[in-house]
Every structure is written in structure tokens, then in C-alpha cells.
Amino acid sequence: YEHKMNDYFTLEGGMGITTRNYIEDFIRGYSFRTDGTTINKASVSFSLNAKFFPDGNAFQDGYYVALNLGHRQYAQEFQTVNVMNVDTSFNESFIWNDFGFTMGYQSRPSERMIFDWYIGTGIRQKNRTVTEYQQIFDPNTGLFSGSYVSLVANNAAPALLGGLKISVLFR
């Protein structure tokens, strides 16, 4: 949803459902784990953008600069059988919070449609909770013992923001 405050300024908000993070899965291989099964769950995402149109042409053909705030959450369940042959499941999640600055161009090819191309940069706060099997060597017995543990990682990184939005106007 985008609301035109005046000819120079609009506020845009969006909500959605996230199901699977294909890029994270490709990089880290969660769906290829041999010791269990990963089941993706539905989660939520939202975005908030404040756009400034220096030429005063909001909702028309024109360039803009924007501040962006975004939140994406991905959830999955890892199911496995532990050493006692008991079914066990662990909740895992990936949360990305973005704060950035973008520049874009809005094109209005018809009275009821807007194309919005944008690119920019920002900071991405990433929170990841995953399950991993860890073995520990006991020097007293000379044996390895293992168990599944939840690993939590938090970090911030630069982010490249960009994309294309297609809007349908209702009035």
C-alpha cells in the first residue's frame, strides 16, 4: 500500500508471507542434511518506505529517494531421530532486518498501474538459529559423545537493496 501525502512525499507499507529462503538454503545446504529432514514453515515479512520526489511528481513518471525499513523472517523445523531412536524436532529461524537508502524511478504506463525500479544500500541485521550435531571427545573414557545443539548467530552486514515493484491503483 502506498499513500501520497503530497506531490513530494509518499509513505509505502507492505506485508507478506515468507515460506522458504532459497538463497540461504543454497549457500548452507539445510535441505541436504543427511541426518534428518528440514520442513519449511510460513512466517511473516513487512516493509516500510518513505519516498521523497524532488520534482514534485509523486504517482507520476519520476525519480525519488527513499528511506527503507524491512523485516523478513523465515522459519523451519528440523526433524531427526536421536541416539535413543526417538523422533526429535527443532525449530530453526532466520531473521533479516534491513535499514537502508534507495534511489528509484516510478513509471506510470497506464492510469491504474505503476512500475517502480529501485536500487540502494543499507545495513542488514541477521539473526540465525540452527541445529547442529556436535561430538565431544571425553579424554577420561576415550569415547565420543554427541548431541544436537541450537546455535545462535547474530551479525550485521552491508546489504545491496534493489528490485522492481508493480503496483495496481484502486482509485
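This is a short tutorial dialogue on reading features of a predicted model.

Q: Let's start with rings. What describes a pair of aromatic rings?

A: Two quantities do the job: the distance of the centres and the angle of the planes. In this structure there are nine aromatic pairs to try that on. Take Tyr 8 and Phe 52: the ring centres are 6.5 Å apart and the planes meet at 20 degrees, so this pair is stacked.

Q: Where in the chain do Tyr 8 and Phe 52 sit?

A: Tyr 8 is in the loop between β1 (2–6) and β2 (9–18), while Phe 52 belongs to strand β4 (residues 43–52). They are 44 residues apart, and the pair links distant parts of the chain. On the surface side of things, Tyr 8 is partly exposed at 42% relative accessible area, and Phe 52 is also partly exposed, at 39%.

Q: And Phe 115 with Trp 117: what kind of pair is that?

A: Tilted. Their ring centres lie 5.9 Å apart, and the planes are at 45 degrees, so the pair gets that label. Phe 115 has a relative accessible area of 23%, so it counts as partly exposed; Trp 117, at 41%, is partly exposed too.

Q: Which residues do ring pairs join into a cluster?

A: Phe 78, Phe 90, Tyr 133 and Tyr 148.

Q: Rings can also have a charge over them. Which ring does the charged end of Lys 51 sit over?

A: The ring of Tyr 64, with the charged end 4.7 Å from the centre. There is another case with Lys 165, which lies over the face of Tyr 118 at 4.8 Å from the ring centre.

Q: On to the backbone. What sign does phi have in most residues other than glycine?

A: Negative, in most of them. Phe 59 goes the other way: its phi is positive, about 70 degrees, although it is not a glycine. You'll find Phe 59 in the loop between β4 and β5 (62–81).

Q: Is Phe 59 buried or exposed?

A: Buried. The cut-off is under 20% relative accessible area, and Phe 59 comes in at 16%.

Q: How about Arg 128: buried or exposed?

A: Arg 128 is buried as well, with a relative accessible area of 14%. It lies in strand β7 (residues 113–138).

Q: What is Arg 128 in contact with, leaving aside its neighbours within four places in sequence?

A: The list for Arg 128 is Glu 24, Arg 28, Tyr 30, Ser 93, Phe 94, Leu 151, Val 152 and Ala 153.

Q: Now strands. How do side chains sit in a regular strand?

A: They alternate between the two faces of the sheet. For the pairing itself, look at β1 and β2: they run antiparallel, joined by four bridges, and they form a hairpin with two residues between them. β2 also pairs with β4, again in the antiparallel sense, over 10 bridges.

Q: Which residues stand opposite each other in these pairings?

A: Glu 12 is a handy one to follow. Glu 2 has Glu 12 in β2 as its bridge partner, and Glu 12 stands opposite Asn 49 in β4.

Q: What about the end of the chain, say Leu 169: where is it found?

A: In the segment after β8 (143–168). Leu 169 is buried, with 12% relative accessible area. Its C-alpha atom is separated by 9.4 Å from that of Glu 2, though the two are 167 residues apart along the chain. Not counting residues up to four places away in sequence, Leu 169 touches Arg 108, Glu 111, Arg 112, Met 113 and Ile 114.

Q: Last topic: what shows where empty space is left?

A: Rolling a probe the size of a water molecule over the atoms. Here, the largest pocket has a volume of about 1000 Å³. It is lined by 39 residues, and the closest to its centre are Tyr 1, Glu 12, Gly 13, Asn 49 and Lys 165. β1, β2, β4, β5, β6 (87–110), β7 and β8 each supply at least two residues of that lining.

Q: How many cavities of 30 Å³ or more are there?

A: One. The largest cavity holds about 80 Å³ of space. Its lining has 13 residues, with Arg 20, Asn 21, Asp 25, Asn 40 and Gln 76 nearest the centre. Two or more lining residues come from each of α1 (22–28), β3 (36–41) and β5, and β5 gives the largest share, three residues.

Terms used:
Residues numbered from 1 in each chain as written. Heavy atoms only, no water. Phe/Tyr/Trp six-rings, centres within 6.5 Å; stacked < 30°, edge-to-face > 60°. Buried < 20%, exposed > 50% of the residue type's maximum accessible area, 1.4 Å probe, protein only. Lys NZ or Arg CZ within 6 Å of the ring centre and 35° of its normal. Contact = heavy atoms within 4.5 Å. Pairing = 2+ DSSP bridges. 1 Å grid on protein atoms, 1.4 Å probe; cavity = no way out; pocket = protein on both sides within 12 Å on 5 of 7 lines; lining within 4 Å. Points joined across faces, edges and corners; volume = space filled by probe spheres on them.
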